[in-house]
Amino acid sequence: MIKNLLFDLGGVIMDICRLNCVASFERLGMKDADSFLGEYSQKGPFLQLEEGAISEEQFRDAVRQYIDGEVSDEQIDKAFCDFLVGIPSHRLVELRELKKNYNIYMLSNTNSIMWRSRIAEDFRQEGLEREDYFDGIVTSFEAKSIKPEAKIFHAVVEKFGIKPEETLFLDDSQKNLDAAAKMGFQTLLITPGSEFFELLKSV
């Protein structure tokens with residue numbers, strides 16, 4: 001019996017577009033931006049920030065090494081947040097409805113820059129805060145581990161006190177789902193163009 005729903009953020013709740021971010025960094029003069037920014041995982045300072053291994057200041061300084069000319073903190077942050085398209089309001093409505101029957105949690109590979117700015121802002125569409133939609137949240141930069149590492153799934157179980165076999169994990173990456181399944185989680189792949197609440201009807 002499923003008692004808990006564990007949501008990924010990007011590609012499940014929030015729409016994302018990697019190419020928007022790549023283009024924004026290229027406009028700032030960053031060489032090989034495409035090689036640092038993946039659909040499901042990052043590299044270099046982008047990965048280190050997502051893992052919580054470096055501070056925001058260290059991240060920006062590292063990024064500047066790949067950019068010709070002067071760029072401000074704000075320009076770097078904005079280019080980075082262009083990865084995020086936004087959260088359609090109907091998904092927030094569906095999350096609130098699901099919360100009536102399930103414990104709702106989030107597990108996201110993300111970083112502190114996006115988390116405290118654009119992500120927080122998008123969850124305020126209904127006048128609520130991000131945390132109002134979830135019974136608990138684990139982020140990679142705070143857990144200092146990223147999906148599909150086993151460590152971050154262990155962090156979810158320990159922090160929330162949930163049983164994997166009673167938990168359905170929704171993610172847009174099969175690799176992340178496979179890692180969760182090894183730990184006993186039930187899983188659901190959210191494919192491009194699909195809506196999690198529609199797919200849940202068949203579970």
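Okay, let's start with a definition: helices (H or I, at least four residues) and strands (E, at least two) are DSSP runs, and their numbers count from the N terminus. What you see above is a predicted model, where local features need pLDDT of at least 70, side-chain atom pairs count only at pLDDT 80 or more, and totals for chains, interfaces and linings use all residues. Residues are numbered from 1 along each chain as its sequence is written, and side-chain values use heavy atoms, with hydrogens and water left out.

Let's look at the sheet. Five strands make an open sheet, in the order β5-β4-β1-β6-β7, and the pairing is parallel. By pairing I mean that DSSP finds at least two bridges between two strands. Which strands sit at the edges? Those are β5 and β7, since each of them pairs on one side only. Neighbouring strands are turned by 20° against each other on average, with direction ignored. For angles like that, axes are lines fitted to C-alpha atoms (for helices, over the stretch in contact), and angles run from 0 to 180 degrees between N-to-C directions.

Now go to the β7 edge. Strand β7, residues 186-189, pairs with β6 over four bridges, in the parallel sense. One bridge you can find yourselves: Leu168 has Gln186 in β7 as its partner. Together, β6, α10 and β7 make a right-handed β-α-β unit. Right-handed here means that, with the strands pointing away from the viewer, the path from the first strand over the helix to the second runs clockwise.

In the loop between β6 and α10 you'll find Ser173. Is Ser173 buried or exposed? Ser173 counts as buried, at 6% relative accessibility. The cut-offs are these: buried is under 20% relative accessible area, exposed is over 50%, and partly exposed is in between, using a 1.4 Å probe and protein chains only. Leaving out residues up to four places away in sequence, Ser173 touches Tyr40 and Leu189. A contact, by the way, means heavy atoms within 4.5 Å.

Next up, helix α9, residues 150-160. Its buried residues are Ile152, Phe153, Val156 and Phe160. Why do they end up on the same side of α9? Because they cover an arc of only 105° around the axis, where the arc is that of the directions from the helix axis to the C-beta atoms. Here's the textbook bit: an α-helix has 3.6 residues a turn, so residues three or four places apart point the same way. And what do the buried residues of α9 pack against? The partners are β1, β4, β5, α8, β6 and α10. The helix α9 lies across β1, β4, β5 and β6, and runs at about 155° to β5. Just after α9 comes Gly161, with a positive phi of about 65°.

Let's step back to the loop between α8 and α9. Lys144 is in that loop, and its phi is near 55°, a positive value in a residue other than glycine. Lys144 counts as exposed, at 51% relative accessibility. Pro148 is in the loop between α8 and α9 too, and a cis peptide bond joins Lys147 and Pro148, with omega about 10°.

Lys147 also leads us to Asn109, which is in the loop between β4 and α7. A polar atom of the Asn109 side chain lies 2.9 Å from the backbone nitrogen of Lys147. That's a polar contact: a pair of N or O atoms within 3.5 Å, where within protein one must be able to donate a hydrogen and the other to accept it, and residues adjacent in sequence count only if both atoms are side-chain atoms. Asn109 is buried, at 17% relative accessibility. Among the residues Asn109 touches are Tyr40, Glu50 and Ile152.

Last stop, helix α7. At its N-terminal end, Asn111 acts as a cap, with a side-chain oxygen 3.1 Å from the backbone nitrogen of Ile113. Eight of the eleven residues of α7 are buried, so α7 is largely enclosed by the rest of the structure. One of them is Trp115, with a relative accessible area of 8%. Trp115 touches residues including Leu9, Met106, Ile137 and Phe141. And Trp115 and Glu56 are 59 residues apart in sequence but 12 Å apart in space, C-alpha to C-alpha.
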